[in-house]
Amino acid sequence: MDNSKTEHYKTLLHQVKALIDPACGWVTNYANVSAAIQQTFQHWWCGFYFVNSKNQLELGPFQGPVACTLIDFGKGVCGKAWEAKQSIVVPDVHQFEGHIACSAESNSEIVVPIFSNGEVIGVLDIDSQEFDAFNETDRIYLEEMVELLANISVKI
Ligand code: SME
């Protein structure tokens, strides 16, 4: 399983490198990256939240069903990854204290912070209907992927 996951991520990273267009703004680039992840893995939900001027995470480009729009610092898996400044892999969201259920269909989740100049500017959030869908392979490759986006200045 992980061999094929690794191969998918390698292809996806090449695709994302080619997709990112410095001539375009952040919505264009982040929207295409969420679509590329979704086309590769068909997870339940995949998208971005960004730190807004009120110091909350605000919903950005995503693929999947409608989602929560604002998340406070330290709240939910997203807010906790922001606070901890590190990725969080959740094998079973029902066991994660404070998990924010945007959808009853989600059973596992990974959240990866996006950094610019050492500060968290947003997070990549991916949800799966399967339990235990994410592991170290996902964390490593998704962290590499968001680094490719870190230079795109987000205005939210
Ligand atoms: N489950 C997340 C909220 C965002 S949705 O999953 C899209 C959380 O606990 O932060």
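How many salt bridges does a search of the whole structure find? The search finds four. The model is predicted, and side-chain atom pairs count only at pLDDT 80 or more.

**A bridge between helices**

One salt bridge joins the side chains of Lys-5 and Asp-138, with 2.4 Å from N to O. Lys-5 belongs to helix H1 (residues 2-19) and Asp-138 to helix H4 (residues 136-149), so this pair ties together parts that are 133 residues apart in sequence. Side chains of opposite charge can pair when their charged atoms come close.

**Polar contacts of the ligand**

Three protein residues place polar atoms by the ligand, as tabulated here.

| Residue | Protein atom | Ligand atom | Distance |
|---|---|---|---|
| Cys-78 | polar backbone atom | oxygen | 2.9 Å |
| His-99 | polar side-chain atom | nitrogen | 3.3 Å |
| Ile-100 | polar backbone atom | nitrogen | 2.7 Å |

Cys-78 and Ile-100 use backbone atoms. His-99 uses a side-chain atom. Taken alone, the ligand exposes 310 Å². The protein buries 98% of that area.

**The site and its shell**

The space taken by the ligand is the largest cavity. Elements that give two or more residues to the surrounding shell are strand S1 (45-51), helix H3 (76-84) and strand S6 (119-128). Which of the elements gives the most to the shell around the ligand? H3 does, with three residues.

In total, 13 residues surround the ligand. The closest are Val-77, Cys-78, Ile-100, Glu-109 and Asp-127. Cys-78 thus appears both among these closest residues and in the polar contacts, through its backbone. Ile-100 does likewise: it is listed with the closest residues and has a polar backbone atom 2.7 Å from a ligand nitrogen.

By class, the shell holds eight nonpolar residues. Two more are polar and three are charged.

Notes
Residues are numbered from 1 along each chain as its sequence is written. This is a predicted model: local features need pLDDT of at least 70, side-chain atom pairs count only at pLDDT 80 or more; totals for chains, interfaces and linings use all residues. Side-chain values use heavy atoms; hydrogens and water are left out. A residue is near a molecule or strand if one of its heavy atoms lies within 4 Å of it. A polar contact is a pair of N or O atoms within 3.5 Å; within protein, one must be able to donate a hydrogen and the other to accept it, and residues adjacent in sequence count only if both atoms are side-chain atoms. Accessible areas come from the Shrake-Rupley method with a 1.4 Å probe; for residues, only the protein chains shown count as cover. On a 1 Å grid over the protein atoms alone, a cavity is a set of points where a 1.4 Å probe fits but cannot get out, and a pocket is an open set with protein on both sides within 12 Å along at least five of seven lines; lining residues have an atom within 4 Å of a point. A molecule sits in a cavity or pocket if more than half of its atoms lie within 2 Å of its grid points. Helices (H or I, at least four residues) and strands (E, at least two) are DSSP runs, numbered from the N terminus. Ala, Val, Leu, Ile, Met, Phe, Trp, Tyr, Cys and Pro count as nonpolar, Asp, Glu, Lys and Arg as charged, and the others, Gly among them, as polar.
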